Amino acid sequence: MIALLSHTTRLIRAGYVFAREGVFSLADTAGMPLPARFGIGIARLIARPSARSGARAPESRLAAALTRLGPTYVKLGQFLATRPDVVGTVIAKNLESLQDQMPPFPQTQAEATVAAALEMPVSQAFVTFGPPVAAASIAQVHKAEIETPEGRKAVAVKVLRPNVERRFKADLDAFFFAARTAEKFSAEARRLRFIEIVATLARSVAIEMDFRLEAAALSEMTENVREDQDFRVPAVNWDLTAREVLTLEWIDGVKLNNREALAAAGHDLPALGRKVIQSFLRHALRDGFFHADMHPGNLFVDAEGRLVAVDFGIMGRLSPKERLFLAEILYGFITRDYMRTAQVHFDAGYVPRHHSVESFAQAIRAIGEPIHNRTAEDISMAKLLMLLFEVTGLFDMRTRPELLLLQKTMVVVEGVARGLDPRLDMWKTADPVVREWMARHLGPVGKLEDAVEGASEIGRFVAQVPALLSRAGALMDQLDAATRNGLVLAPETIAAIGAVEARRDRWKTLGLWAIAAGLAWLIYLVI
């Protein structure tokens, strides 16, 4: 009961903030039941005058409401920006502007968290430990120095915000309550899997709050890009990393959103734009592991002209099947082979077989041809994928969340690249990366590797055959004994069944006595 009141109170507060910020004015009430239309009409009356008068742009209202509600709602908004299949394309696009920025927490609290996590005084772990240089909903970053055999070295120390886990847990519990209630009464909510959406958000937040996992992502990315000439990631100091603290190499570079500083440092801005796109595609296709929060504040250029990414709390993964799917789509659009692109959807099992490949290819052509007729600066791979996902919905295709996260990240990456070179040709930039991957994995070498992998799988299966036959023989013996002697239950199982039946009979008896007593009372009243 207490939990129910807590969840209801939190959700009522959220609804009030949404109403005040004019969020409900964005809702299309056509087709809604009368009670819903009435409730939304009342909510619209509560909106601030600025929201009702149109002084604030409609697309900023939802972002403003989520920001007012705090870090959990900001994370929810950022997560829903990757799910246009749930909130719609327009709202998802509006949510992309959400910025995860919060006031810093006190230096004393940060130092106490570091000391407790590392089990040593801050002065013992670091020579200097400066004030915060950036703060977000989950953590803030400090610049510090450590002693190394080569002398003092600057490091970035990421510290978990105090009590943030308790705050997130309370809000997420309310989200789960709302999702369960929605799925109980709404078929549309069940189709969209509201509970699964909240569970995915909860897992994402839990991963972000354990900095050891972020350090592991950095380590994996370091191995993947070891041979890359134009991209690197900061080195992790594992000795000064714990669940609540992450210590990294300090990056002395220029942020990608500082065009003036980049130009002053002599960097080739169009070349940097191409590096951003090609690095992202290389990570997604080659490694199947990509940075999913590549906004300009997380990207630097070092003195050697290499891109350096920071903040690896949100990462995306693509399986080999999804990488092949992505490469085939991009290659099909580059070469205007729409039948091939359509066939890939069917081969991957994303589109049900009862649909026509030719009709699907026709729908894809309707997306591809207008793009090829546009100028280079008007072509967007992210928009292409978004349109593709919209069209595939007409053919009963359920898009994978991993591909939606990829599309959302591609929107951000394209924005960064176009900020460096407004006339960047996306197809020309992506073409060498896609062709290289296709040649590597679909050419003779790739087919040979697939054959070797297939032979290895057969070998592993053959090695397991004796054990499988042994287990199958034991199962057949058990079935034979059951058919001869009947099914034998353990004494504990029989006792448990008896207890359940006894409770059922007890309640049945009590119910009959209650009915009898009620009838007797009625007879008494009549007499």
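This report describes a sheet, its helices, the nonpolar cores and one buried helix in a predicted model.

**The sheet**

Four strands make up an open sheet, arranged in the order β1-β2-β3-β5 with antiparallel pairing. At its edges are β1 (128–135) and β5 (245–249), each of which pairs on one side only. On average, neighbouring strands in this sheet are turned by 30 degrees against each other, direction ignored.

At one edge, β1 and β2 run antiparallel and are joined by 5 bridges. A hairpin of 3 residues connects β1 to β2. Ala135 stands opposite Gln140 of β2. At the other edge, 5 bridges link β3 (residues 151–160) to β5, and this pair is antiparallel. Here Val155 has Glu249 of β5 as its bridge partner.

**Helices against the sheet**

Helix α8 (residues 107–118) lies across β1, β2 (139–148), β3 and β5. Helix α13 (residues 211–224) also packs on the sheet, where it touches β2, β3 and β5. The table gives the direction of each helix relative to one strand.

| Helix | Residues | Strand compared | Angle |
|---|---|---|---|
| α8 | 107–118 | β1 | about 115 degrees |
| α13 | 211–224 | β5 | about 25 degrees |

**The nonpolar cores**

The largest nonpolar core holds 107 residues, and the members touching the most others are Leu256, Leu281 and Met381. Helix α20 (residues 401–420) supplies the largest share of this core, 9 residues. Leaving aside residues up to four places away in sequence, Met381 touches Ile277, Leu281, Leu330, Met410, Glu414, Met426, Trp427 and Ala430. Another core, of 17 residues, lies apart from the largest one and includes Phe126, Val155, Val159 and Leu240. Val155 is thus named twice: as a member of this second core and as the bridge partner of Glu249.

**Helix α16**

Helix α16 (residues 320–335) contains 16 residues. From its first C-alpha to its last it reaches 22 Å, close to the 22 Å expected at 1.5 Å a residue. Because 12 of its 16 residues are buried, α16 is largely enclosed by the rest of the structure. The buried residues of α16 include the charged-type names Glu322, Arg323 and Glu328. Also buried in α16 are Phe325, Leu326, Ala327, Ile329, Leu330, Tyr331, Gly332, Phe333 and Ile334. One of these, Leu330, is among the residues touched by Met381. Just after α16, Arg336 has a positive phi of about 60 degrees.

Key
Residues numbered from 1 in each chain as written. Predicted model: local features only at pLDDT ≥ 70, side-chain atom pairs only at ≥ 80, totals over all residues. Heavy atoms only, no water. Pairing = 2+ DSSP bridges. Helix = DSSP H or I, 4+ residues; strand = E, 2+ residues; numbered from the N terminus. Axes fitted to C-alpha atoms, helices over the stretch in contact; angles between N-to-C directions. Contact = heavy atoms within 4.5 Å. Core = buried A, V, L, I, M, F, W, Y, C linked by side-chain atoms within 4.5 Å. Buried < 20%, exposed > 50% of the residue type's maximum accessible area, 1.4 Å probe, protein only. Expected span 1.5 Å × (residues − 1).
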